[in-house]
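Open the model in a viewer and keep the sequence panel beside it. The stops below say what to select next and what is there.

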Amino acid sequence: MPPTDRSLSRRRLLTAGGAVLLGVGTPAASAAVSESVPTPEEVVNAGPMVMALTFDDGPSPQYTPQVLDGLRDHGVRATFFVCGDNVVRYPDVVRSIVREGHTLGNHTWSHPRLDGLATADVREQIRRAQDAITRISGHRPVLFRAPYGQFTDSTLALCAELGLRPISWSVDPKDWTNPGAGAIAERVLAGAAGGAIVLNHDGVEGGDDHPQPGTGADRSQTVAALNAYLPRLIAAGYRFTTPDRHPPAHGRKAPSAT
């Protein structure tokens with residue numbers, strides 16, 4: 001999974017500034033545009049020693065319940081960015097996520113690369129997933145994560161239109177590459193910091209009822225790593241939250257590792 005495009009905000013500011021210099025806009029108008037279009041949130045605005053765990057591409061009938069068990073054992077709440085087609089495929093797992101007190105986020109319907117889609121198609125991906133999640137869970141998401149962290153300008157404009165907060169991450173242990181549970185755990189621990197948003201994966205786009213070990217749908221290492229790093233983070237004094245419980249951290253960058 002490629003990293004989030006960190007240059008979006010800078011490009012948007014340069015574009016607005018260029019418009020002013022060319023006489024095609026005013027400072028006030030440019031400021032209004034900047035305020036109306038959100039930027040991907042890389043950190044959670046929840047104070048020191050507070051982090052956010054997120055899980056993408058699910059739900060999965062095999063691994064999401066295991067993730068839920070680990071989170072419950074440690075008293076941790078997390079955010080699950082679910083794909084609409086998996087929500088329809090595994091509705092009971094979705095309801096379990098909500099019943100356990102976790103937050104659901106929109107991760108599009110079928111996890112496509114958004115830079116290759118027309119705006120109308122991106123809108124349909126988001127809307128269709130939003131409707132399915134709301135119908136099955138009884139909760140309408142307020143958070144959105146683009147597949148592959150690919151927050152295009154048109155996608156961010158749609159987030160503003162649809163009332164969704166775009167959520168990125170600051171810690172990516174690349175669990176989807178199956179580097180080993182130990183490697184995943186150490187990468188999360190190395191990136192731990194107040195405000196950090198950790199990216200994990202509990203499922204796979206398109207679903208898989210019987211994932212085979214070592215394949216792209218195998219999330220067993222993520223589960224094992226979760227149960228290894230959570231007690232260490234908690235012992236170090238970290239607490240966990242979900243981004244929807246806090247206001248956006250405007251202007252804040254990803255935290256430095258501690």
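Select Thr155 first: this residue counts as buried because its relative accessibility is 0%. The model is a predicted one. Thr155 is part of helix H7, residues 153–162. Show its surroundings and, leaving aside neighbours within four places in sequence, you will find Leu114, Val122 and Phe144 in contact with Thr155.

**The main core**

Now select Leu53, Leu71, Phe80, Tyr229 and Leu233. These are the residues with the most contacts inside the largest nonpolar core, which has 34 residues. Colour the elements that each supply at least two residues of this core: strands S1 (50–58) and S2 (79–82), together with helices H3 (63–73), H5 (91–99), H6 (119–137), H8 (181–191) and H9 (220–235). Which helix gives the largest share of this core? H9 does, with six residues. In soluble globular proteins, nonpolar side chains tend to be buried together.

Stay with Leu53 and list its contacts, not counting residues up to four places away in sequence. Leu53 touches Leu71, Val76, Ala78 and Thr79, and also Val198, Asn200, Leu226, Tyr229, Leu230, Phe240 and Thr241. Then move to a second core, separate from the main one: this set has 11 residues, including Leu114, Val122, Ile126 and Phe144. Leu114, Val122 and Phe144 will be familiar from the stop at Thr155, which is in contact with them.

**H8 against H9**

Two packed helices are described by the angle between their axes and the distance between the axes. Select H8 and H9 and draw their axes, which come within 8 Å and cross at roughly 40 degrees. H8 and H9 are therefore oblique to each other. Their crossing is right-handed.

For the side chains, show Ala181, Ile184, Ala185, Glu186, Val188 and Leu189 on H8; these meet Gln221, Thr222, Ala224, Ala225, Ala228, Tyr229, Arg232 and Leu233 on H9. Coloured by class, the residues of the contact of H8 with H9 come out as 10 nonpolar, two polar and two charged.

**H3 against H9**

Keep H9 on screen and add H3. How far apart are the axes of H3 and H9, and at what angle do the helices pack? The axes are 10 Å apart and the angle is about 5 degrees, so H3 and H9 are roughly parallel to each other. On H3 the contact is made by Tyr63, Gln66, Val67, Gly70 and Leu71, and on H9 by Ser220, Val223, Leu226, Asn227 and Leu230. Six of the residues in the contact of H3 with H9 are nonpolar, four are polar and none is charged.

**H5 and its end**

Select Val93, Val94, Ser96, Ile97 and Val98, the buried residues of H5. Show what surrounds them: the buried residues of H5 pack against H3, S2, H6, helix H4 (84–89) and strand S3 (103–106). Past the end of H5, pick Gly101, which follows this helix and has a positive phi, near 90 degrees.

**Backbone geometry**

Most residues other than glycine have a negative phi, and most peptide bonds are trans. The next stops depart from this pattern.

- Select the bond from Gly58 to Pro59: this peptide bond is cis, with omega near 5 degrees. Pro59 lies in the loop between S1 and H3.
- Select Asn178, in the loop between strand S5 (165–166) and H8. Phi of Asn178 is near 55 degrees, a positive value in a residue other than glycine. Is Asn178 buried or exposed? Asn178 is buried, because its relative accessible area is 18%, which falls under the 20% limit.
- Select Met49, in the loop between helix H2 (27–36) and S1. Met49 also has a positive phi, near 65 degrees. At 32% relative accessibility, Met49 counts as partly exposed.

**Arg239**

From Met49, go to Arg239 in strand S7, residues 239–241. Not counting residues up to four places away in sequence, Arg239 touches Pro48, Met49, Val50 and Met51. Arg239 counts as exposed because its relative accessible area is 52%. Finish by setting a C-alpha to C-alpha distance from Arg239 to Arg77: these two are 162 residues apart in sequence and 9.6 Å apart in space.

Definitions and conventions:
Residues numbered from 1 in each chain as written. Predicted model: local features only at pLDDT ≥ 70, side-chain atom pairs only at ≥ 80, totals over all residues. Heavy atoms only, no water. Core = buried A, V, L, I, M, F, W, Y, C linked by side-chain atoms within 4.5 Å. Buried < 20%, exposed > 50% of the residue type's maximum accessible area, 1.4 Å probe, protein only. Helix = DSSP H or I, 4+ residues; strand = E, 2+ residues; numbered from the N terminus. Contact = heavy atoms within 4.5 Å. Axes fitted to C-alpha atoms, helices over the stretch in contact; angles between N-to-C directions. Parallel < 35°, antiparallel > 145°, perpendicular 65-115°, else oblique. Left-handed = near helix turned anticlockwise from the far one by under 90°. Nonpolar A, V, L, I, M, F, W, Y, C, P; charged D, E, K, R; others polar.
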